[in-house]
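Biologist: Could you take me on a close look at one part of this model, starting from a single residue in a helix and working outward to what surrounds it? I'd enjoy one connected account.

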Amino acid sequence: MIEEKWKCMYAYIIPTSLVLSLIIMSNMNVFDMGQVCTMKLYSDMLTGVITFMSIILSIYGFLIPSLISAKNDAMVKYFIEHADMKTFTGRIKQIVLFGLLGILLSISLYYANMMKETIFIFFFCSWVWIISCFTCNAYRFISIIIELLLNEKISSKKKHVSDVTIEEINKLNDSLKKL
């Protein structure tokens, strides 16, 4: 039960914990968020995050067509026929939105020296939360798609799509809600 709740919530618990840790460390004078933009490699860090997020988003550009082209595979066919596609497409859109927001926030942080410190700290904390949330959700989604495309082909050969039980359909839709 705790493991199930963790799977549902970790993509939001981890980013929130990171931001809260930054705020606590800043208040304890262990870490000065206002000075982040003066770091020597600040610009390189932002460029790296933009590149990372762009690569992950392009992986979606590869995996989604791969999933669609594998429609004849029994496991993918099972997924397409029985999954809650509204939830599935909603989760994909959410991840893409986090990715685009992360890139836009990264670009806006290039102008940190023009911002008041409190505005910069707000943008920086939002940026940390969004890129962490994006990373956790992208990891979860890519893991599910890879498992769907590769690992479960073995078990899908054991049964036909028409042999699927209501319990298995409900389990699939529950796992989508955790995505």
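**Ile130 and the surroundings of helix α5**

Modeller: Gladly! Ile130 has a relative accessible area of 10%, so it counts as buried. Please keep in mind that this is a predicted model. Ile130 sits in helix α5, which covers residues 117-151. Setting aside neighbours within four places in sequence, Ile130 is in contact with Phe98, Leu101, Gly102 and Leu105. Ile130 also comes within 9.5 Å of Tyr12, C-alpha to C-alpha, although 118 residues separate the two in sequence.

Let's follow those contacts into helix α4. This helix runs over residues 85-109, 25 residues in total, and reaches 36 Å from its first C-alpha to its last, close to the 36 Å expected at 1.5 Å a residue. Its buried residues are Thr87, Phe88, Ile92, Ile95, Phe98, Gly99, Gly102, Ile103, Leu105, Ser106, Ser108 and Leu109. Phe98, Gly102 and Leu105 are on that buried list, and they are also among the contacts of Ile130. A general point about helices helps in reading such a list: an α-helix has 3.6 residues a turn, so residues three or four places apart point the same way.

Leu101, another contact of Ile130, brings us to the surface. Leu101 belongs to a nonpolar surface patch of about 720 Å², together with Leu97, Leu104, Ile107, Tyr110, Tyr111 and Met114. Met114 lies in the loop between α4 and α5. With a relative accessible area of 67%, Met114 is over the 50% cut-off and therefore exposed.

Back in α5, Ser132 is worth a look as well, since it lies in the helix that also holds Ile130. Ser132 has 11% relative accessibility, which is under 20%, so it counts as buried. Beyond residues up to four places away in sequence, Ser132 touches Pro15 and Leu18. Both of these fall within the span of α1, residues 2-27. Ser26 is also in helix α1; Ser26 counts as buried at 18% relative accessibility. The contacts of Ser26, again leaving out residues up to four places away, are Phe31 and Met33.

The loop between α1 and α2 (42-69) has two residues I'd like to point out. Asn29 lies in this loop and has a positive phi of about 60° although it is not a glycine. At 72% relative accessibility, Asn29 counts as exposed. Cys37 is found in the loop between α1 and α2 too, but Cys37 is partly exposed, with a relative accessible area of 23%. Cys37 touches Tyr42, Ala112 and Phe120, not counting residues up to four places away. The C-alpha atoms of Cys37 and Phe120 are separated by 8.8 Å, with their positions 83 residues apart along the chain.

Those contacts of Cys37 lead to the aromatic residues. Tyr42 and Phe120 form one aromatic cluster with Phe124 and Trp127. Tyr42 is also among the buried residues of α2, a list that includes Leu46, Val49, Ile50, Met53, Ile56, Leu57 and Tyr60. As for the length of α2, its 28 residues should span 40 Å at 1.5 Å a residue, and its end C-alpha atoms are 41 Å apart, which agrees.

The structure holds 8 aromatic pairs. One of them joins Phe122 and Phe123 in an edge-to-face arrangement, 6.1 Å centre to centre with 85° between the planes. Phe122 is exposed at a relative accessible area of 56%, whereas Phe123, at 25%, counts as partly exposed.

Finally, here is the whole chain as a setting for this part. The chain has 7 helices and 0 strands, and from the N terminus on its elements run α-α-α-α-α-α-α. Of its 179 residues, 39% count as buried. Among contacts between residues at least 6 apart in sequence, 83% join residues at least 24 apart; the contact of Ile130 with Phe98 is an example of a link between α5 and α4. The chain exposes about 11,000 Å², and carbon and sulfur atoms supply 67% of that area.

Terms used:
Residues are numbered from 1 along each chain as its sequence is written. This is a predicted model: local features need pLDDT of at least 70, side-chain atom pairs count only at pLDDT 80 or more; totals for chains, interfaces and linings use all residues. Side-chain values use heavy atoms; hydrogens and water are left out. Helices (H or I, at least four residues) and strands (E, at least two) are DSSP runs, numbered from the N terminus. Buried means under 20% relative accessible area, exposed over 50%, partly exposed in between (1.4 Å probe, protein chains only). Contact means heavy atoms within 4.5 Å. Rings of Phe, Tyr and Trp (its six-membered ring) pair if their centres lie within 6.5 Å; planes under 30 degrees apart count as stacked, over 60 as edge-to-face and the rest as tilted. Accessible areas come from the Shrake-Rupley method with a 1.4 Å probe; for residues, only the protein chains shown count as cover. The expected span of a helix is 1.5 Å times one less than its number of residues. Patches are made of residues with over 30% relative accessible area and no salt bridge: like charges are joined within 9 Å, nonpolar side chains (Val, Leu, Ile, Met, Phe, Trp, Tyr) within 5 Å. A salt bridge is a side-chain nitrogen of Lys or Arg within 4 Å of a carboxyl oxygen of Asp or Glu.
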